[in-house]
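Thanks for sending this one over. Here are my notes, point by point, to read alongside the model.

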Amino acid sequence: MNLQRKPLTLNSQLQVKIYPDQVKVKDGWLSGKAYVNKQVILISGKCSRLESLKAGHAVALSEIDGEFSQIMPATNIGEFDFKKYYQSKEIYQQLRLKSATVSVIKKVSIIDRLHFWRYKLQQYLSRMPKLLSFFSSELILAENPFSETKSILDNYRNLGVVHLLSISGLHVGIYTSIVSIICYFCKRTEGEAFFCCLLVLLIGIFLSLGQPGFVRASLMYILSRILKFKRILLLKIDILGLTCLLHLLMVPNLFLGVGALLSYLLVLGIQLTQKLSRFKQAVCLNTLITPLLLFFFYQFNVLTILFNCLIVPYFNYLVIPSVFVNLILFPVIPAVSKELDKVLSITERLLGLIAHSNVGLWTFGKINWWQCLLLLILAAVITIKLNERISRKYLKNWIALLTISYILCFVSIHYPWRGQVTFIDVGQGDSILITTPIFRKVYMIDTGGKLNFSGKKREPQLNKITIPFLKAEGINQIDGVFLSHQDADHVGDLKPLLEQVRVKKLYFGKGMLKNPAFRKRIEGKVQQTQIVELLAGDVINQKIPFSVLHPDHEGEGKNEDSVALTFLLAKKRWLFTGDLDQAGEMKILQKYSNLKVDYFKLGHHGSRTSSKKAFLQAIKPSLAFISAGRNNRFGHPHQETLNTLKELGIPWVSTQDYGMINWYYDLFGTTKFETKLSR
């Protein structure tokens, strides 16, 4: 248990220890985990002279120039929360490195040697054919060595069988069986065989760096064997409870991670359904874990039982044997490994096609913690009662109660009693979601997008921020997407959005279609009937009437051509102007001299080129919003703009300070602001 919670600070005496297997080094950039005394931290930054680390030696950093900070929490609803994730691993701080002196640790301990051999194993596995390397790394080291194989994890998650890779710890049984068989043929005693299994499991726990599923399965095996030797009779469910208590003593933050929760819940479900047929057991297990899947991932696959029936045999009889055969034969007969990899690649491509078709995948939305608890309790009661074989009539009542609870949760998410205007924290960019209450209509202004100065291909930011948010809200269809102009930080993620979410209409300024870069974003993704080009004076008569104030002539989608939209919600008028410059603002003012708004999103992320003082004085917003990235290279929002707001007495909120900003309203005119972060 890590009791050192005092924040670390840089000083001349500070030394940071780095193990080669717990960091990645690429192009002189170091990232991963490091140690200060017994405290684990995250580390990242440029560092030279890392040859010793690449050779597998533990190194120490001294004379460090950098900055310690707390790990940033999720700044959007639905976004993966790295702060909570690392809290479950007792990691609370990160060090952003600028420079340091690197030295090899000369006094090598047993732990240092273990990390050295783990690093060598990483290197050995990385040289294997890609799929075999992926499965071997997942099963043995509980890590994914390649960013490009993340899609396999996503496929298994969408099909509802991701537990096969790491959560279940099923390979513990394989390890102990193999060791026991070897000991039997070597005529070892039962006690000696147990000692050998214990040694193998301890090595496995180290190699997986304490992966919850593996530790849970190992502890259960160890406890059951010890109790057998002592002739103490305990039910398996009692051993599971004892295992859980021991695990919590070792890792107090254990259940902050979804992996540990699912692992223990699945095994508990198996214990509770031993008397049932395979099919009924599968139904009960899926019923048990579904509340957690909805709480953490916002979706589940209704065909999971079918996929488990198909994929579990494939995994048990093809993947796992292939991994172990490959581990033995790869250094001797690499051609066999290549053939095994080809066989696996055919199956994985097929699984990928099924996963990408989204067959059976249901975007339910994020349930509250108390809803999750209620559904879990009801599912557990049904599982227990089913195992006890109580009367069907009594069981039907419980099933009906669970069904009604799911329906009520679904209705509350998909037919919300309030609408919203949400400023998604997409960093240096714009993306705003607008919805209506009850029979929800969904609109979006811009999609955000990462400005790519390196030119390297990388995963769209939308996949980490906007898509999880939409799933959390239960949204799988957007009625209209408005694009202010063609800059990447406003429309860069349009293409991946169109690939993953159904968009009924696409609105943008007239003339943007002439831009080749913009045409490339929508080519093959939308039909001509979905496209609506806008000019000043147009009114989009949807559930929310959107009025277009700019541009007044055909343009090319530049900043000065930005689409300016205004609309009324709960008697509050909103105005969005994209990256429109001051000259464009004055054009709007000349044409709509009586324009008054309640809420205004500052143009161009608070740049000095927008939000002219005369314009702000004329529209008189009661609150201004700024969407800009933290520590962005442009210095947005500019101090001149903030000074203007202060001078005019206009309060403002920024995604830099508050993360996602939500304004909610209902049919009775009640409004409420909520932010993801507190300042």
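1. Let me start with a strand pairing: Met-444 stands opposite Val-481, a residue of β12. Please keep in mind throughout that this is a predicted model. β11 and β12 run parallel to each other and are paired over 3 bridges.

2. Where do these strands sit in the open sheet? The sheet has 8 strands, with mixed pairing, in the order β14-β13-β12-β11-β10-β9-β22-β23. At its edges are β14 (531-534) and β23 (671-675), each of which pairs on one side only. From one strand to the next, the twist averages 20°.

3. Next, the nonpolar residues. The largest nonpolar core has 28 residues, and those touching the most other members are Leu-470, Ile-478 and Leu-497. Two or more residues come from each of β11 (442-445), α16 (466-472), β12, α18 (494-500), β13 (502-509) and α19 (516-522). A second core, separate from this one, has 27 residues, including Phe-423, Phe-546, Tyr-599 and Val-653. As general background, nonpolar side chains in soluble globular proteins tend to be buried together.

4. Ile-478 deserves a look of its own. Beyond its neighbours within four places in sequence, Ile-478 is in contact with Val-442, Tyr-443 and Met-444, among others. Its contacts also include Leu-470 and Leu-497, the two residues named with Ile-478 as touching the most other core members. The rest of the list is Val-501, Arg-502, Val-503 and Lys-504.

5. Is Gln-486 buried or exposed? Gln-486 counts as buried because its relative accessibility is 19%, and the cut-off for buried is under 20%. This residue lies in the loop between β12 (477-483) and α17 (488-491). Its side chain makes a polar contact of 3.4 Å with the side chain of Asp-487. Setting aside residues up to four places away in sequence, Gln-486 touches Val-491, Met-512, Asn-515, Arg-521, Glu-556 and Gly-557.

6. Leu-303 is another loop residue to look at, placed between β7 (299-301) and α12 (304-329). With a relative accessibility of 29%, Leu-303 counts as partly exposed. Not counting residues up to four places away in sequence, Leu-303 touches Val-359 and Gly-360.

7. One last distance to check on your screen: how far apart are the C-alpha atoms of Leu-303 and Ile-432? They are separated by 34 Å, and the two residues are 129 residues apart along the chain.

Notes:
Residues numbered from 1 in each chain as written. Predicted model: local features only at pLDDT ≥ 70, side-chain atom pairs only at ≥ 80, totals over all residues. Heavy atoms only, no water. Helix = DSSP H or I, 4+ residues; strand = E, 2+ residues; numbered from the N terminus. Buried < 20%, exposed > 50% of the residue type's maximum accessible area, 1.4 Å probe, protein only. Polar contact = N/O pair within 3.5 Å; in protein donor to acceptor, adjacent residues only side chain to side chain. Contact = heavy atoms within 4.5 Å. Core = buried A, V, L, I, M, F, W, Y, C linked by side-chain atoms within 4.5 Å. Pairing = 2+ DSSP bridges. Axes fitted to C-alpha atoms, helices over the stretch in contact; angles between N-to-C directions.
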